There are 2 protein chains.
Amino acid sequence: MAASSSSSSSACDPQLDPNTTNVRPPPSGFLQKNNSLDEKGRIVGAFSQKQQLVSELGEREQRFRRTETDFSNLFARDLLPAKNGEEPTMQFLLEVVDILTNYIRKTFDRSTKVLDFHHPHQLLEGMEGFNLELSDQPESLEQILVDCRDTLKYGVRTGHPRFFNQLSTGLDIIGLAGEWLTSTANTNMFTYEIAPVFVLMEQLTLKKMREIIGWPNGEGDGLFSPGGAISNMYSVMIARYKYFPEVKTKGMSAAPRLVLFTSEHSHYSITKAGAALGFGKENVILLSTDERGRVIPADLEAKIIDAKQKGYVPLFVNATAGTTVYGAFDPINDIADICEKYNLWLHVDGAWGGGLLMSRRHRHKLSGVERANSVTWNPHKMMGVPLQCSAILVREKGILQGCNSMCAGYLFQPDKQYDVTYDTGDKAIQCGRHVDIFKFWLMWKAKGTVGFEQHIDRCLELSEYLYNKIKNRPGYEMVFQGEPQHTNVCFWYIPPSMRNMPDGEERRERLHKVAPKIKAMMMESGTTMVGYQPQGDKVNFFRMVISNHAATRSDIDFLIDEIERLGHDL
Amino acid sequence: MAASSSSSSSACDPQLDPNTTNVRPPPSGFLQKNNSLDEKGRIVGAFSQKQQLVSELGEREQRFRRTETDFSNLFARDLLPAKNGEEPTMQFLLEVVDILTNYIRKTFDRSTKVLDFHHPHQLLEGMEGFNLELSDQPESLEQILVDCRDTLKYGVRTGHPRFFNQLSTGLDIIGLAGEWLTSTANTNMFTYEIAPVFVLMEQLTLKKMREIIGWPNGEGDGLFSPGGAISNMYSVMIARYKYFPEVKTKGMSAAPRLVLFTSEHSHYSITKAGAALGFGKENVILLSTDERGRVIPADLEAKIIDAKQKGYVPLFVNATAGTTVYGAFDPINDIADICEKYNLWLHVDGAWGGGLLMSRRHRHKLSGVERANSVTWNPHKMMGVPLQCSAILVREKGILQGCNSMCAGYLFQPDKQYDVTYDTGDKAIQCGRHVDIFKFWLMWKAKGTVGFEQHIDRCLELSEYLYNKIKNRPGYEMVFQGEPQHTNVCFWYIPPSMRNMPDGEERRERLHKVAPKIKAMMMESGTTMVGYQPQGDKVNFFRMVISNHAATRSDIDFLIDEIERLGHDL
């Protein structure tokens, strides 16, 4: 049907309309940038074979800059749906895209800093006209464009090849395009009615993920949720519903004292879920780990027996596939044996490590994952998908619905003309649900399963490179011995002044301050970012993680050089 | 610092580089669109004063189309960070933007359909080469662009002036630009460290919202959460923490039997929260309402007394400001009196109606909201902000932190160089948290407080227009009498064949099927969309809501004509 096609030929195609793309004014000049003639000369030189053309364009830009789009006299009210709003809307959006594409270019440019750090009070006081305060009266679109530039200027380039600060790094261009489209579609996952394509994409993608986990025919259930913490919360909720469905109606008082088990190295969201859902933090039993941060199965069994002896009811075990700090993989098969023996729900938190299932070389680290009842897997971490993209996958079909449905008549009408089993909203604890699937689906299309595999293998090779580089290097101590299981490389940098200090409290105290000091200097100089933290009785150490597809060995070398440059005189 | 500025002058400024914007091939031709020479002729005609220029551009496009960007030979791996990836990256993103801007134009074009409906099985079987299945091998960027077009083609235009199906409608251009920037920045709200600007914007915006609620100096706390259901869940969690903080540690068994109160017309998320958090559905007591859907305060007091007599402990009352179906505002002051008398937590669910606080004409409907302990307010509904944007606002400072903090050392290090009270992550039940603030902040800047006020007043005027149009019109029955409080207009359309039927079961049964039938035909013809549902003992009726800034009286007229056209022969 012609009317609903998204055909791009129109009377105002921006490629052909001299009012739009081709002749819009440079964002410089009358806004805030210094785009001098010298600058233009350099640009022209870089493409000398097309020099004449460019000069012509330059002239036309000059001509149209004044007459066509002076954003200082335009306001939000002049944009669509305003009468004659199409032209300023297109001009404005293209101007924003120009800001964004320039940001993207610089993000991948190693001569650009990762951040331009300012303290909260500095930004709150206002930086060179960047005023965060909201006002009663509208501001011009010119000011809005300046605000967009400033927002990016004072932010952090999480896609920069030298940004290693979080588990989610990198800027995938296909994923980004997917997000731009998602924002433009601006819809909601709760019903097929208003998100037909996205709902089906979610269904097919979740099935594919379940196949990769190893559940027969990819059967089961799942949802994309707003992050791994919520995915983990789902797992606890459905475990409770499976064994004590009456809690949904009667509350926790209808169940005995239930206990959950998770590693002392696991993500805090399991304990947070325990607190939120009414189990209580002290009924989340922390399991001991070996020196590599992996759960000791015998400790799990001992603690189950202990809980039962106290009259408590063990319900749920979380096995972490890729811990946050060490990147450790709990031994899922051993844990699954124990869960089967005691009839407990087994959840695998693969928020960080789930991506390794895509790699034939590394998926053995999640051996046994197919025995889990539920799995958290965040494509926004190791698979490089833009934030947010987290899946909760469940082996038993229908249990999410059973656990969460409230059958709201105004949303999930049973008398629609289509198959309403595609209305997924009532499975969720959310009502409206953001479309997180499209960017991921589009990346999968564009990279193929093999593309994700290559990405993951490459990141793990890079972390191996880092590990091999520093494991025997003077001034470095590894937090745990042996090659890391994931891309996490945990280490202390020992400044020269401390290298001959005897072990003891004084050394510990000094060492505890080294990583924060280096990190603070790193942020001030803006050259790179890497995380640090203490863990158990271990004082602050660096945790290096690699999930950015832009990172190379030279960036690893740079990080090490930078740590040594900044930490040498501490 | 020059290196971190987001200056747009670069060696590859898309305005000056003939390889990029100006000369990229039209998305038609070798992709899927029919952009004939006739079409081009028409376009040129439309801007005849610049005809020569355009012709030159047309020629150049021809020339470069073949040699420069054949997306069929380009893949995701050729984009940044690939060597020489900048040029294809820019070409690809501009091509995507072209698809999106064309979609935006058509969204506001009333000659375009709202949707092109297909059943799930049809889309799953594959529509003219639109294959939703994921594969192992990568697809070309040409195919990815086709997929983007098809995704929009088979979706629903939620910004179309005749889309009235949900509480969230409309496509705000500033908000959209904000989302594009947010995706490009791709960061996470949990720490100031990696989201300095966004964290401050959130803080200032929440303060402004609290001022508008009427809390002294805008003091208090809050967060943007992934939707109103989660915001409401927060309110229940913090109410419990306030009165029974030991539940966090010991679980619900440490508290007596707690009960929550909410209207039978309230959103299902309150009951869902009760079930999820371990209270149990049956401990969420539903309150009776008057014929307009407003809570009867005396019923609340009676039910509190009844619960106490049974030995239960009343904890929490939800007052809805703008119910989902009727748009009713519960009498907050009367409810607040009762909450004070019995020392209960008062939450106001203003997910839908909170926006009216921005209007001097309508904010009296939330009179007493300043007495609430917590408020849910979704700018993504009545204020036209793109999805998702929902705030939970709390009067008592520090209680969110107390309730939810787990103090994860690897994320919320106390020894950072900046004021770590700006690290907001530990207040949330999420770990990673999507940046929902920027689009809202940018819209506020661009429209001013007065712009939101105008938007809201306009939507309410439109609904008044609809109400006046149909209240005495033959073939219409209002579900409740009197002018609606919000933009919700609830009505039955009675086809001519039923107008003389006596009241009774047969008529009820037939009437119950009218709205679903009309809605199905509407979707098949794609002309408009409006919701329907039953409520209590009332059979299916239409619920019209207006939050779209593109809607005008002519669209309301169109809806009524369309209902009559489709329903006339039922």
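This is a short tour of two spots in a predicted model: a helix pair in chain B and a strand with its neighbours in chain A.

**Stop 1: two helices in chain B**

Start by selecting residues 228-243 of chain B, which form helix H8, together with residues 269-276, which form helix H10. Turn the view until you can look along both axes: they come within 9 Å and cross at roughly 55 degrees. Because of that angle, H8(B) counts as oblique to H10(B). The crossing is right-handed.

Now show side chains at the contact. From H8(B), pick Ala229(B), Asn232(B), Met233(B) and Val236(B); across from them, in H10(B), are Ser269(B), Ile270(B), Ala273(B) and Ala276(B). Colour these by class and you should find six nonpolar residues, two polar ones and no charged ones.

**Stop 2: a covered strand in chain A**

Next, move to chain A and select residues 489-493, strand E10. How many of its five residues are buried? Five of the five are, so to speak, a full set for E10(A).

In a regular strand, side chains alternate between the two faces of the sheet. Here, Val489(A), Phe491(A) and Tyr493(A) point one way, while Cys490(A) and Trp492(A) point the other way.

**Stop 3: the strand's partners**

Keep E10(A) on screen and add residues 476-478 of chain A, strand E9, which pairs with E10(A) in the antiparallel sense over three bridges. Then add residues 538-544, strand E12, which also runs antiparallel to E10(A) and is joined to it by three bridges.

Finish by centring on Phe491(A): this residue is the bridge partner of Met478(A), and its own bridge partner in E12(A) is Phe542(A).

Key. Residues are numbered from 1 along each chain as its sequence is written. Chains are lettered from A and ligands numbered from 1 in the order in which they are written. This is a predicted model: local features need pLDDT of at least 70, side-chain atom pairs count only at pLDDT 80 or more; totals for chains, interfaces and linings use all residues. Side-chain values use heavy atoms; hydrogens and water are left out. Axes are lines fitted to C-alpha atoms, for helices over the stretch in contact, and angles run from 0 to 180 degrees between N-to-C directions. Helices (H or I, at least four residues) and strands (E, at least two) are DSSP runs, numbered from the N terminus. Angles under 35 degrees count as roughly parallel, over 145 as roughly antiparallel, 65 to 115 as roughly perpendicular and the rest as oblique. A crossing is left-handed if the near helix is turned anticlockwise from the far one by less than a right angle, and right-handed if clockwise. Contact means heavy atoms within 4.5 Å. Ala, Val, Leu, Ile, Met, Phe, Trp, Tyr, Cys and Pro count as nonpolar, Asp, Glu, Lys and Arg as charged, and the others, Gly among them, as polar. Buried means under 20% relative accessible area, exposed over 50%, partly exposed in between (1.4 Å probe, protein chains only). Two strands pair if DSSP finds at least two bridges between them.
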